[in-house]
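Reader: I should be grateful for a close examination of one strand in this model and of its surroundings. Please place that strand within the chain as a whole and follow its neighbours outward.

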Amino acid sequence: MNIVEIQVNEELKGERIDKVLSSVNKEWSRTQVQGWIKDQVVKVNDKSIKTNYKCQENDKIVLTIPEPEALDVVAEEMNLDIYYEDEDVLVVNKPKGMVVHPAPGHLNGTLVNGLMAHCKDLSGINGVLRPGIVHRIDKDTSGLLMVAKNDMAHESLVQQLVDKSVTRRYKAIVHGVIQHDHGTINAPIGRDKVDRQSMTVTNVSSKDAVTHFHVLDRFQDYTLVECRLETGRTHQIRVHMKYIGYPLVGDPKYGPKKTLSINGQALHAGILGFEHPRTKEYLEFEAPIPIEFQQVLEQIKNNR
């Protein structure tokens, strides 16, 4: 266990505690520091403080850095579909049916297991079960994900998500024929009070959620749409499309029981764009829809 002591000078007076600590060591991200503060391993004048505490001159900061938690997730060799990789970030095309990160009782076969075997170095900000994971997509949703290989990259990518500057465009097949070419769904999403495993549009304990959609093609009983996420709530596209009366084909949780023959929702995260954390260059990637999605699309095209 490593103990670090810092005396606040006049130059640091008035600065937030997380900013002060992250400036001491470039290896310490503000997110990591905030975690330490919440875990009460940071003391100011022998007292616990909050992350927004503003330092005063002559404050004595004592940080007791905890021992790294052993990562009990096993690295597994996988044939990952890597679209881009450098020292900071990695973009991977996740196949349908793969869980993004382990959870207690389910520690194998996830994308994280494969990433650990592939690159060895992942950001630790999200904890031992989700190293490098900045955002995620559902198990039965295919498509592109950005992964952080260090804490600097992680903080940058998360901030871009907060700033809504990341491009995330999905293709989906929905039940029903949408008459409008374009639309925006602005409806808060929270946990369903009856079914705690599901999300729903609600004003109770919810977060703002915005989805923009654009019709790509119409069929006899279905519509192919592209959805652009402004926010990234759990099951957002699935919940929002159900909310306006056009649930996703194959969705076992939010769609009708009678649907086309597809294993899980017809949803693909096809386009992902972001600013590179180090070079500041805008990068954008596109992954084609998977074979099963294409087969369903051909089936409904033939039944126009």
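**Strand S14 and its surroundings**

The protein chain exposes about 16,000 Å², of which carbon and sulfur atoms supply 46%. The model is a predicted one.

Reader: How many of the residues of strand S14 are buried, and with which strands does S14 pair?

Author: The setting may be given before the strand itself. The protein chain contains 6 helices and 15 strands, and its C-alpha trace spans about 75 × 45 × 40 Å along the principal axes. Of the 304 residues in the chain, 46% are buried. Among contacts with a separation of 6 or more, 66% are made by residues 24 or more positions apart. The chain carries 38 positive and 41 negative charges, and the mean positions of the two sets are 7 Å apart.

Strand S14 covers residues 267–275, and 8 of these 9 residues are buried, so the strand is largely enclosed by the rest of the structure. Three pairings of S14 can be described in turn. With strand S7 (residues 142–148), S14 pairs in the parallel sense over 2 bridges; here glycine 143 has alanine 269 of S14 as its bridge partner. With S8, the pairing is antiparallel and extends over 6 bridges, and threonine 167 is the bridge partner of glycine 273 in S14. With strand S15 (residues 282–286), S14 again pairs in the antiparallel sense, over 5 bridges. Glycine 273 stands opposite glutamate 284 in S15. Strands S14 and S15 form a hairpin with 6 residues between them, and lysine 280 in the turn has a positive phi of about 70°. In general, strands of a sheet pair through backbone hydrogen bonds, either parallel or antiparallel.

Contacts with this region can be followed from valine 91, which is located in strand S6 (residues 89–94). Valine 91 has a relative accessible area of 0% and is therefore buried, the cut-off being under 20%. Setting aside residues up to four places away in sequence, valine 91 touches Leu272, Phe274 and Phe285, as well as Leu144, Leu145, Asp81, Ile82, Tyr83 and Tyr84. The C-alpha atom of valine 91 is separated by 19 Å from that of leucine 129, which is 38 residues apart from it along the chain.

The loop between helix H3 (111–119) and S7 contains serine 123. Serine 123 has a relative accessible area of 1% and is buried. Its side chain is joined to that of aspartate 151 by a polar contact of 2.9 Å. Apart from residues up to four places away in sequence, serine 123 touches Asp151 together with Pro131, Gly132, Ala148, Lys149, Asn150 and His154.

On the side of S8, the chain continues into the loop between strand S8 (167–175) and strand S9 (182–186), where isoleucine 178 lies. Because its relative accessibility is 2%, isoleucine 178 counts as buried. Leaving aside neighbours within four places in sequence, its contacts are Phe213, Val215, Arg218, Thr223, Val225, Met241 and Tyr246. Isoleucine 178 is 140 residues from lysine 38 in sequence, and their C-alpha atoms are 47 Å apart in space.

Strand S9 itself has two unlike faces: Gly183 and Ile185 form the covered face, while His182, Thr184 and Asn186 form the uncovered one. In a regular strand the side chains alternate between the two faces of the sheet. Strand S9 is joined by 5 bridges to strand S12 (residues 210–218), and the two run antiparallel. Asparagine 186 stands opposite valine 210 in S12.

A further sheet may be described for completeness. This open sheet of 4 strands has the order S1-S4-S2-S3, with antiparallel pairing. Its edge strands are S1 and strand S3 (47–48), each of which pairs on one side only. Strands S1 and S4 pair in the antiparallel sense over 6 bridges, and isoleucine 6 has isoleucine 61 in S4 as its bridge partner. Helix H1 (residues 17–24) has Ile17, Asp18, Val20, Leu21 and Ser22 as its buried residues. The cover over these residues includes strand S1 (2–7), strand S2 (42–44), strand S4 (60–65) and helix H2 (30–38).

To return to the strand in question, S14 has 8 of its 9 residues buried, with a parallel pairing to S7 and antiparallel pairings to S8 and S15.

How values were computed:
Residues are numbered from 1 along each chain as its sequence is written. This is a predicted model: local features need pLDDT of at least 70, side-chain atom pairs count only at pLDDT 80 or more; totals for chains, interfaces and linings use all residues. Side-chain values use heavy atoms; hydrogens and water are left out. Buried means under 20% relative accessible area, exposed over 50%, partly exposed in between (1.4 Å probe, protein chains only). Contact means heavy atoms within 4.5 Å. Accessible areas come from the Shrake-Rupley method with a 1.4 Å probe; for residues, only the protein chains shown count as cover. Lys and Arg count as positive and Asp and Glu as negative; His and the chain ends are not counted. The place of a charge is taken as NZ of Lys, CZ of Arg, CG of Asp or CD of Glu. Two strands pair if DSSP finds at least two bridges between them. A polar contact is a pair of N or O atoms within 3.5 Å; within protein, one must be able to donate a hydrogen and the other to accept it, and residues adjacent in sequence count only if both atoms are side-chain atoms.
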